[in-house]
Amino acid sequence: MDISQLELITLSGLALALLVSIYTDLKSRMLYDKVNIFIALLAPLFWYATDTFTLTGIGFHLLFAACTFFFFAIFFALGQMGGGDVKLLTVMALWFDFQGVFSLAFYTAIFGAVVTILAWAHHKIKKLEGKVRVPYGVAIALAGFTIIGERFFNPFS
């Protein structure tokens, strides 16, 4: 598999933004719009590096992101996710094709279950008051890292 320098730079930028998202979500349960904007603005460079910067390719990326937003906005409306989580999933969907977006949702669900259990256990052990606040951005970022890693380590993806 041949990977261009621009593709590597954009994926590195995405990885850095995901690390920032993990840090801020763990520290303050906040996912910042500045980071989401950075991820969204970096996506077209990634499309260019991966030869999907065509009218059709751009249309599909925008369609997948819109579908991701509307699907996860339901969970936001039900109080199961925060708005920052929905925005992070949406900008992450700009990076992937249909299979990648499906994988993003799947891995997010798997990592989300683990993060939820850990957050619940931390809440109980520390005997904290109120509702458990799950840093779901961590699960989204880990799902993103998994998909990025597949580009390098899975020859069958």
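Here are some short exercises with worked solutions on the structure above, which is a predicted model.

**Exercise 1. Which residues form the salt bridge, and which helices does the pair tie together?**

Step 1. Start with the count: the structure holds 1 salt bridge.

Step 2. Find the partners. Asp33 pairs with Lys87, and the closest N and O atoms are 2.7 Å apart. The cut-off for a salt bridge is 4 Å, so this pair qualifies.

Step 3. Place them. Asp33 sits in helix H2 and Lys87 in helix H4, so the bridge ties together parts that are 54 residues apart in sequence.

Step 4. Check how open each partner is. Asp33 is partly exposed because its relative accessibility is 40%, and Lys87 is also partly exposed, at 35%.

Step 5. Add the background idea. Side chains of opposite charge can pair when their charged atoms come close.

**Exercise 2. Is helix H4 largely enclosed or open, and what covers its buried residues?**

Step 1. Count the buried residues. In H4, 9 of the 11 residues are buried, so this helix is largely enclosed by the rest of the structure.

Step 2. Name them. The buried residues of H4 are Gly84, Asp85, Val86, Leu88, Leu89, Thr90, Val91, Met92 and Ala93.

Step 3. Look for the cover. H1, H2, H3, H5 and H6 are included in what covers the buried residues of H4.

**Exercise 3. What span should helix H6 have, and how far apart are its end C-alpha atoms?**

Step 1. Take the residue range: H6 runs over residues 136-153, which is 18 residues.

Step 2. Work out the expected span. At 1.5 Å a residue, H6 should span 26 Å.

Step 3. Compare with the model. The end C-alpha atoms of H6 are 25 Å apart, which agrees with the expected span.

Step 4. Look at the surroundings of H6. Its buried residues include Tyr136, Ala139, Ile140, Ala143 and Ile147. Among the parts covering the buried residues of H6 are helix H1 (5-28), helix H4 (83-93) and helix H5 (98-125).

**Exercise 4. Which backbone oxygen does the side chain of Thr68 reach, and which one lies 2.6 Å from a polar side-chain atom of Thr108?**

Step 1. Begin with Thr68, in helix H3. Thr68 counts as buried because its relative accessibility is 6%.

Step 2. Follow its side chain, which reaches the backbone oxygen of Phe64 at 2.7 Å.

Step 3. List what Thr68 touches, leaving out residues up to four places away in sequence: Leu89, Thr90, Ala93 and Val101. Of these, Leu89, Thr90 and Ala93 are among the buried residues of H4.

Step 4. Turn to Thr108, in helix H5. Thr108 counts as buried, with a relative accessibility of 1%.

Step 5. Find its partner: a polar atom of the Thr108 side chain lies 2.6 Å from the backbone oxygen of Leu104.

Step 6. List the contacts of Thr108 beyond four places in sequence: Leu89, Tyr136, Ala139, Ile140 and Ala143. Leu89 therefore touches both Thr68 and Thr108, if contact is taken as heavy atoms within 4.5 Å.

**Exercise 5. Is Phe96 buried or exposed, and what does Phe96 touch?**

Step 1. Locate Phe96 in the loop between H4 and H5.

Step 2. Read its accessibility. At 7%, Phe96 counts as buried.

Step 3. List its contacts, again leaving out residues up to four places away in sequence: His61, Phe64, Val101 and Ile147.

Step 4. Turn to another phenylalanine, Phe71, in helix H3 (residues 55-77). Phe71 counts as partly exposed, at 46% relative accessibility. Together with Ile74, Phe75 and Leu78, Phe71 makes a nonpolar surface patch of about 400 Å².

Step 5. Relate the two. Phe96 and Phe71 are 25 residues apart in sequence, and their C-alpha atoms are 16 Å apart in space.

**Exercise 6. Where are Arg29 and Asp51 found, and what is phi for each?**

Step 1. Arg29 is in the loop between H1 and H2, and its phi is near 55 degrees, a positive value in a residue other than glycine.

Step 2. Asp51 is in the loop between H2 and H3, and its phi, near 60 degrees, is positive too.

Step 3. Finish with accessibility. Arg29 is partly exposed at 28%, whereas Asp51 is exposed at 68%.

Terms used. Residues are numbered from 1 along each chain as its sequence is written. This is a predicted model: local features need pLDDT of at least 70, side-chain atom pairs count only at pLDDT 80 or more; totals for chains, interfaces and linings use all residues. Side-chain values use heavy atoms; hydrogens and water are left out. Patches are made of residues with over 30% relative accessible area and no salt bridge: like charges are joined within 9 Å, nonpolar side chains (Val, Leu, Ile, Met, Phe, Trp, Tyr) within 5 Å. Accessible areas come from the Shrake-Rupley method with a 1.4 Å probe; for residues, only the protein chains shown count as cover. A salt bridge is a side-chain nitrogen of Lys or Arg within 4 Å of a carboxyl oxygen of Asp or Glu. Helices (H or I, at least four residues) and strands (E, at least two) are DSSP runs, numbered from the N terminus. Buried means under 20% relative accessible area, exposed over 50%, partly exposed in between (1.4 Å probe, protein chains only). A polar contact is a pair of N or O atoms within 3.5 Å; within protein, one must be able to donate a hydrogen and the other to accept it, and residues adjacent in sequence count only if both atoms are side-chain atoms. The expected span of a helix is 1.5 Å times one less than its number of residues.
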